[in-house]
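Here are some exercises to work through with the model open in your viewer. Try each task before you read its solution.

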2 protein chains.
Amino acid sequence: MDALDRKIIAALRLNGRATYAELGRTVGLSASSVHERVGKLESAGVITGYHAVVNPSTVGLGVTALVGIQPTDVAENDDLAEALSELPEVESCYAVAGDEAFVVKVRVGTVDDLERTLGRLRRIGGVARTRTTVVLSTRFEGRPNNNGLDEPPEGGA
Amino acid sequence: MDALDRKIIAALRLNGRATYAELGRTVGLSASSVHERVGKLESAGVITGYHAVVNPSTVGLGVTALVGIQPTDVAENDDLAEALSELPEVESCYAVAGDEAFVVKVRVGTVDDLERTLGRLRRIGGVARTRTTVVLSTRFEGRPNNNGLDEPPEGGA
DNA sequence: ATTGAAAGTAGATATTA
DNA sequence: TAATATCTACTTTCAAT
């Protein structure tokens with residue numbers, strides 16, 4: 001991982017459909033060199049995928065909520081995470097410090113759907129309580145954070 | 001937005017670098033038709049971008065936290081959101097219901113960095129208190145939620 | 001709105017430096 | 001590791017349906 005890799009990564013975070021030729025022009029390398037570097041970054045698990053970002057409200061997913069999951073005393077976190085992953089409306093799942101085992105991000109169409117989803121969450125074995133925070137607006141989300149990407153981690157004199 | 005558009009979107013959420021030819025084979029359309037449909041979906045603001053997903057720990061961003069931002073009585077939400085957007089380590093920002101104005105997701109390299117970032121957050125004008133939840137592990141994140149994408153919104157017999 | 005053809009461009013691979 | 005050359009495949013435009 002050198003400065004060129006970091007530049008390539010930064011460029012692909014901004015535009016995941018950039019061609020190798022474009023990336024080459026951006027970083028000052030031939031397309032084939034970029035191609036090889038990207039392949040290595042993918043193999044090494046640095047780049048884990050490429051995704052189109054969709055405006056949720058345009059596809060009928062207008063309601064977002066953050067839900068804290070408080071487990072029962074006997075619950076196993078891995079079992080809980082597995083059960084949470086089976087609900088498609090749970091988009092992200094974080095194991096957290098504190099008396100909640102997880103915070104999940106839920107995306108649904110309506111508040112009725114949200115009520116249904118919360119019911120399903122509470123019925124999962126090992127879930128004692130849920131605490132729901134309704135998102136009123138998403139100001140920004142998943143923004144590229146190029147701390148340590150544009151510039152070397154130990155960035156100097 | 002018909003079933004074909006929904007299939008194209010779902011495919012691009014799974015693989016944002018899929019070629020038009022591939023997408024055409026997936027959905028049963030010619031590459032040029034897919035090309036035109038994708039262009040319209042982009043123009044209509046349904047697809048807002050394409051991003052490479054990077055494993056944060058491989059690029060020196062091993063610490064994630066969720067931070068609730070409690071505002072002072074006089075704070076303006078838009079000013080707060082603007083100030084939050086200026087910290088690169090704030091990756092996502094949600095305006096929420098409740099006594100916190102925002103919940104933000106912060107990604108940094110170390111707990112020392114987290115402490116510094118929390119200090120910066122508290123020093124933002126209009127911020128009364130922060131409440132930090134440290135993420136121990138990300139079980140999954142930004143998973144494609146194809147509610148209403150694979151199948152029509154009103155889908156029932 | 002979809003297709004198929006034509007021209008240009010990019011991807012993928014092997015070879016060489 | 002990077003570049004060049006080659007072949008294959010894809011993108012993009014456009015006329016026709």
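**Exercise 1. Find the partners of strand β2 in chain B.**

Task: Which way does β2(B) run against strand β5 of chain B, parallel or antiparallel, and how many bridges join them?

Solution, step by step:

- This is a predicted model, and in it β2(B) and β5(B), residues 127-140, run antiparallel and are joined by eight bridges.
- To fix the register of this pair, take L66(B), whose bridge partner in β5(B) is T133(B).
- Now turn to strand β4 of chain B, residues 102-108, which pairs with β2(B) in the antiparallel sense over seven bridges.
- A register point for this second pairing is V63(B), with V108(B) as its bridge partner in β4(B).
- Finally, look at burial: seven of the nine residues of β2(B), residues 63-71, are buried, so the strand is largely enclosed by the rest of the structure.

**Exercise 2. Follow strand β5 of chain A into the other chain.**

Task: Which strands pair with β5(A) in chain A and in chain B?

Solution, step by step:

- Begin within chain A, where strand β2 (residues 63-71) and β5(A) pair in the antiparallel sense over eight bridges.
- Within that pairing, Q70(A) stands opposite R129(A) of β5(A).
- Next, cross to chain B: four bridges join β5(A) to strand β3(B), residues 90-96, and these two strands also run antiparallel.
- Here F140(A) has C93(B) as its bridge partner in β3(B).

**Exercise 3. Classify two residues by accessibility.**

Task: Is L136(A) buried or exposed, and is A18(B) buried or exposed?

Solution, step by step:

- Locate L136(A) in strand β5 of chain A, residues 127-140.
- The relative accessible area of L136(A) is 60%; exposed means over 50%, so L136(A) is exposed.
- Check a residue distant in sequence: A65(A) is 71 residues away along the chain, and its C-alpha atom is separated from that of L136(A) by 8.7 Å.
- Now locate A18(B), in the loop between α1 (3-14) and α2 of chain B.
- The relative accessible area of A18(B) is 5%; buried means under 20%, so A18(B) is buried.
- I8(B) and A18(B) are 10 residues apart in sequence, with 10.0 Å between their C-alpha atoms.

**Exercise 4. Describe the surface near DNA strand C.**

Task: Which element supplies the largest share of the surface near DNA strand C?

Solution, step by step:

- List the residues around DNA strand C: from chain A they are T19(A), Y20(A), A21(A), S32(A) and H35(A), and from chain B they are L29(B), S30(B), S32(B), S33(B), E36(B), R37(B) and K40(B).
- On the DNA side, sugar and phosphate make up 68% of the strand C atoms that come within 4 Å of the protein.
- Assign the residues to elements: α2 (20-27) and α3 (31-43) of chain A, along with α3 (31-43) of chain B, each supply at least two.
- The largest share, five residues, comes from α3(B).
- By class, this surface has three nonpolar, six polar and three charged residues.
- Then pick out contacts to phosphate oxygens of strand C: a polar side-chain atom of K40(B) lies 2.6 Å from one, an N or O atom in the side chain of S33(B) is 3.0 Å from one, and a polar backbone atom of Y20(A) is 3.2 Å from one.

**Exercise 5. Repeat the analysis for DNA strand D.**

Task: What percentage of the strand D atoms within 4 Å of the protein belong to sugar or phosphate?

Solution, step by step:

- Of those atoms, 71% belong to sugar or phosphate, and the rest belong to bases.
- Residues around DNA strand D include L29(A), S30(A), R37(A), K40(A), Y20(B), R25(B) and H35(B).
- For phosphate oxygens of strand D, the distance is 2.4 Å to a polar side-chain atom of R37(A), 3.0 Å to a polar backbone atom of S30(A), and 3.2 Å to an N or O atom in the side chain of R25(B).
- Two or more residues of this surface come from each of α3 of chain A and α2 (20-27) and α3 of chain B.
- The largest share, four residues, comes from α3(A).

Terms used: Residues are numbered from 1 along each chain as its sequence is written. Chains are lettered from A and ligands numbered from 1 in the order in which they are written. This is a predicted model: local features need pLDDT of at least 70, side-chain atom pairs count only at pLDDT 80 or more; totals for chains, interfaces and linings use all residues. Side-chain values use heavy atoms; hydrogens and water are left out. Buried means under 20% relative accessible area, exposed over 50%, partly exposed in between (1.4 Å probe, protein chains only). Two strands pair if DSSP finds at least two bridges between them. A residue is near a molecule or strand if one of its heavy atoms lies within 4 Å of it. A polar contact is a pair of N or O atoms within 3.5 Å; within protein, one must be able to donate a hydrogen and the other to accept it, and residues adjacent in sequence count only if both atoms are side-chain atoms. Ala, Val, Leu, Ile, Met, Phe, Trp, Tyr, Cys and Pro count as nonpolar, Asp, Glu, Lys and Arg as charged, and the others, Gly among them, as polar.
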